[in-house]
Structures are given as structure tokens and as C-alpha cells.
Amino acid sequence: MRGVDGLHSERARRRDRQSDGTTVMIGNACGPCLREAIRKFESGHARLLTICEELEVMADGLPALPNNGSHLRLARRMGMVLREVHAREEAEILPVLVAALGANIGRDSVGTLVEEHRADEAAAEELAEVIIEWAAGERNHDAATLGYMLRGLFDNIRRHSDRERDQLIAPAQRRLAPD
Ligand SMILES: [Fe+2]
């Protein structure tokens, strides 16, 4: 018996095929490729936004640090999460979006997004060092500086993700579902 999943995939197959059986193309990207790129884009953003929430909780709690070690785990993991999400965007996602949206997205704006990835990764590395120093009792920075660094990073990541959603994901979704 065909379950709900089977019906969904059958509907997706029909949506991705033209009447002559060829795959639907959105610009120079295949429809299913674009749909998959958007799914990966959104799941990467969800990982980044979870990091932002954790950074914000930490900033709100200053000058105290959590006593369960969560700040150290965050410091050790955030750079890796940023690098993984950004590498996937650059290698697997942005090229598909550019192929699909063509002239609607300038290569310059992709270049800007990539530059922002590097800047956020560098800021995360610097912040991680400061958090680890704080945790070790080496307070070479005051709470205001640490708070400024935390807020600077999560504000930048949120703004960057918002722009990617507005300028890339939303237009791509409109192209996939024309009225
Ligand atoms: Fe990005």
C-alpha cells in the first residue's frame, strides 16, 4: 500500500517533470536540484540561528558565566559549525542558486556573502579564545567587551542569514512555485 510519503514523492516527481518527461529546469538548474539546495540552505541557517540563540543567552547572563560549562562547549563548537555551514553553502548551495536565478543575482553579491562568511569565522575564532580565557580566569577583557563581541557576532550572522533568505531563498521559492 502506498503511504503518505509515497503520495508526496509521487507528487514531487510529477512537479519536477514536464509533460514530455524531461526534468523541469529553473534557469540553468534542475528543479529538484534547486529544491534540494533550498532545503540544505534552510537547514544550515537553522544550525546558525541556534548558535545565535546560545550566544545571546550568554550575553544576557554576563558578567556571570553559566556554571554548567555550556559556554565552553559553545566556544569549542561554534567555529566548526560556522565553517561547515559556510563550506556547504559555497560548494553545494550558492552555485545552484546562481544557476537558477541567473541575472537576478549578481556574482558580486555572492562574493560579498563569501567575504562575510570568512569575517564571521574569524570573529567566532577570536570570541572563542576570549570565552576560554574568561573561563580560565584570565580576564584580559571586561564583561562589556565580551558582551560587545557576542552581540556583534550573532547580529552579523542573523543579518547575513536574513539577507540570504530575502535575496536568494525567497526568489528561488517563487521560481519553483509560479502562480
Ligand atoms: Fe551564508
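Guide: Welcome! Helices (H or I, at least four residues) and strands (E, at least two) are DSSP runs, numbered from the N terminus. This is a predicted model, in which local features need pLDDT of at least 70 and side-chain atom pairs count only at pLDDT 80 or more, while totals for chains, interfaces and linings use all residues. Residues are numbered from 1 along each chain as its sequence is written.

Visitor: How many helices and strands does the chain have?

Guide: There are five helices and two strands. Read from the N terminus, the order of the elements is α-β-β-α-α-α-α.

Visitor: Which elements of the chain have the lowest and the highest mean pLDDT?

Guide: First the idea: pLDDT is the predictor's confidence in each residue, from 0 to 100. Where it is low, the predicted coordinates should not be read in detail. Here, helix 1 (residues 4–15) has the lowest mean among the elements, 61, and helix 2 the highest, 96. For the chain, the mean pLDDT is 88, and 85% of the residues reach 70 or more.

Visitor: What should the 34 residues of helix 5 span?

Guide: The expected span of a helix is 1.5 Å times one less than its number of residues. For helix 5 (residues 143–176), that gives 50 Å; its end C-alpha atoms are 47 Å apart, which agrees. Helix 2 (residues 31–61) has 31 residues and reaches 45 Å from its first C-alpha to its last, close to the 45 Å expected.

Visitor: Where is the kink in helix 5 centred?

Guide: A bend at a residue is the angle between axes fitted to the seven residues ending there and the seven starting there. In helix 5 the kink is about 35° and is centred on Arg 165.

Visitor: Which residues of helix 2 are buried?

Guide: We count C-beta atoms, placed from the backbone: a residue is buried if 20 or more others lie within 10 Å of its own, exposed if 12 or fewer, and partly exposed in between. In helix 2 the buried residues are Leu 34, Ala 37, Ile 38, Phe 41, Gly 44, His 45, Ile 51, Leu 55 and Met 58. They pack against strand 1 (25–26), strand 2 (29–30), helix 3 (70–101) and helix 5. Of the 179 residues of the chain, 21% count as buried.

Visitor: Why is Leu 97 buried, and why is Arg 163 partly exposed?

Guide: Leu 97 is buried because 25 other C-beta atoms lie within 10 Å, while Arg 163 is partly exposed because it has 14. Leu 97 belongs to helix 3, and Arg 163 to helix 5.

Visitor: What does Leu 97 touch?

Guide: Two residues are in contact if their C-beta atoms, placed from the backbone, lie within 7 Å. Leaving out residues up to four places away in sequence, Leu 97 touches Ala 37, Ile 105, Leu 168 and Ala 172. Leu 97 and Ile 169 are 72 residues apart in sequence, yet 8.1 Å apart in space, C-alpha to C-alpha.

Visitor: Which elements give two or more residues to the largest nonpolar core?

Guide: In soluble globular proteins, nonpolar side chains tend to be buried together. A nonpolar core is a set of buried Ala, Val, Leu, Ile, Met, Phe, Trp, Tyr and Cys residues joined through C-beta atoms within 7 Å. The largest one here has 16 residues, of which Leu 55, Met 78, Ala 124, Leu 127, Leu 150, Leu 153 and Phe 154 touch the most other members. Helix 2, helix 3, helix 4 (107–135) and helix 5 each give two or more residues to this core. Its largest share, five residues, comes from helix 5.
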